[in-house]
Amino acid sequence: MASEKQHSQATTRMLDRAANEARRLGHPYLGAEHLLLVLTDPGILGADRWEAHGLDPDAVGKRINALLRSGDAKPGPDPLPLTARARRLIAVAGEIGGRGSQSSVEPEDVLQALQRDTKGLTARVLRESAHKKAPPHSSSPERPGARQQGGRTPASEHRDRSRRAAAGRKRDSSKSPNRHQREPPKPRRLGRRLGWREYSLLVVPLSLAAAWTHQSPTLVFVLAALSVIPLAGYMGEATEHLATHAGPAVGGLLNATFGNAAELIIGITALRAGLLELVKASILGSILGNLLLILGLSLFAGGLHSPLVRFNRTAAGMATAMLALAVLGLTVPALYHGLHPEALATQELHLSEAVAVILAITYLLSLWFSLKTHSRLFSGEPHPVTGPVWGKLAAVGVLAAATVGIALESEILVHTVEPMTASIGLTQTFVGLILLPLVGNAAEHATAVLVARKGKMDLALQIALGSSTQIALLVAPLFVLAGVFLGQEMNLVFAPFQVILLGLSTAVVAIITLDGESHWFEGVQLLAVYAMIVVAVLFI
């Protein structure tokens, strides 16, 4: 256990029951939600203690049971690993219940620690229960012998006198014209306030109108690029809500499959248009953007939150090793081309197709490894869904609408690339390496930085390294295989400059993540490498 506190018998029983509940639900981890669920059992924490905190255990138990989703029916690892939030709650409970490092942790201390937590599923359930049931006037248990005749206590009589005096002052205040009058209640605002993403959707009809009226290619390109950003955000959010309904195993598969759907749609559209070099550049640009820009910003943001940020060294090491294997696969056709310049184009194409099949099989096996056989090694804190969970039909509808919208905007984006680059002097390599990855990954970039700013570095690394690996192992092979069906000779022969950049960037990230900890200046270093690449691509 991460905490040094000793556990009382009641808390040991609570942890064992929480682990059993997690296994019953098919969850390969023990989280704060499982602790809250077992605390509602009268055998763990009596109803009177819940009443003392102004909470209804029955309402909390029903609500948390309704929100928890069953996952894989297979038993998880033994013992189940605690999530980062659960470990933190146990440590806070130890601080609440004791004055030293050997103090015992009681179930009520865990409940108080859960009440102090302001984020996540458990905090929302406790807030809802507190609103439905007004808290008692005192959270302290009555001392023996404190009751008087008729069940009254001195404290309760004092509260009654205080309330009567306050009521009298209120009546006097209402009669006096010189007193401050109570303001009339403000009308309730219906619905919630619109966010930046809702307002940014207004760019979508503007881009369509600009394309249909044949405006400047640069203006149309900018509007189409800006339109993809909120649509990609909605696509990612709809996928997360579907994953919540599907459970951890299927949910992880959904997130892994749709994680880079926007880049895939844009790339296939460019492939149909015959812009092969643009597609190749976008592959490497997405990998470099995730490795250097997203990870750099995440480390910098996390370093501002804490002087030294720590993350799961094992998971980061495996992700980096998988990424290195994928990068090696992408460089094999380029090495073959450099060593055998006399080789026919068809030979390089067939070699790329064979490498693509091997990379795709490796990706499928990596999913089986991370979601099934070794899921406990990747059981970090899950990505929380903010706000109420969407229904299945709503999530599917938003996902379908966002996909159609991205497909339309991708058509506009791709068809304006050539006239736009010719008019302002940019190359397709710069557009593919820098601009398109920024557009397709903008929502994911923001998510990684926000969770890193909150101290969730494991999740930030999972987004950055996992997205890079998915591009190399899944998206790139899909482009090659799609070229076969579209009649385009899409190979994986990259320019030497691009291959060297990819290899060096992977090596730098491996060095930084090797020790399982980092700080803000290492984030600055990654950002500096990315800035140098941007400057270099401008001169190509």
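The residues lining the largest cavity of this predicted model divide into seven nonpolar, three polar and one charged, where Ala, Val, Leu, Ile, Met, Phe, Trp, Tyr, Cys and Pro count as nonpolar, Asp, Glu, Lys and Arg as charged, and the others, Gly among them, as polar. Because the model is predicted, local features need pLDDT of at least 70 and side-chain atom pairs pLDDT 80 or more, while totals for chains, interfaces and linings use all residues. Residues are numbered from 1 along each chain, and side-chain values use heavy atoms, without hydrogens and water.

The structure holds one cavity of 30 Å³ or more, a cavity being a set of points on a 1 Å grid where a 1.4 Å probe fits but cannot get out, with lining residues having an atom within 4 Å of a point. Its volume, the space filled by probe spheres set on points joined across faces, edges and corners, is about 100 Å³. Among the lining residues are Glu263, Ile266, Gly267, Leu436 and Phe479. The elements below each give two or more residues to this lining; helices are DSSP runs (H or I, at least four residues), numbered from the N terminus.

| Helix | Residues |
|---|---|
| α13 | 261–272 |
| α14 | 276–305 |
| α19 | 428–453 |
| α20 | 457–486 |

Nine of the 12 residues of α13 are buried (under 20% relative accessible area, 1.4 Å probe, protein chains only), so α13 is largely enclosed by the rest of the structure. Glu263, Ile266 and Gly267 are among these buried residues. After α13 comes Gly274, with a positive phi near 80°.

Terms used: 1 Å grid on protein atoms, 1.4 Å probe; cavity = no way out; pocket = protein on both sides within 12 Å on 5 of 7 lines; lining within 4 Å. Buried < 20%, exposed > 50% of the residue type's maximum accessible area, 1.4 Å probe, protein only.
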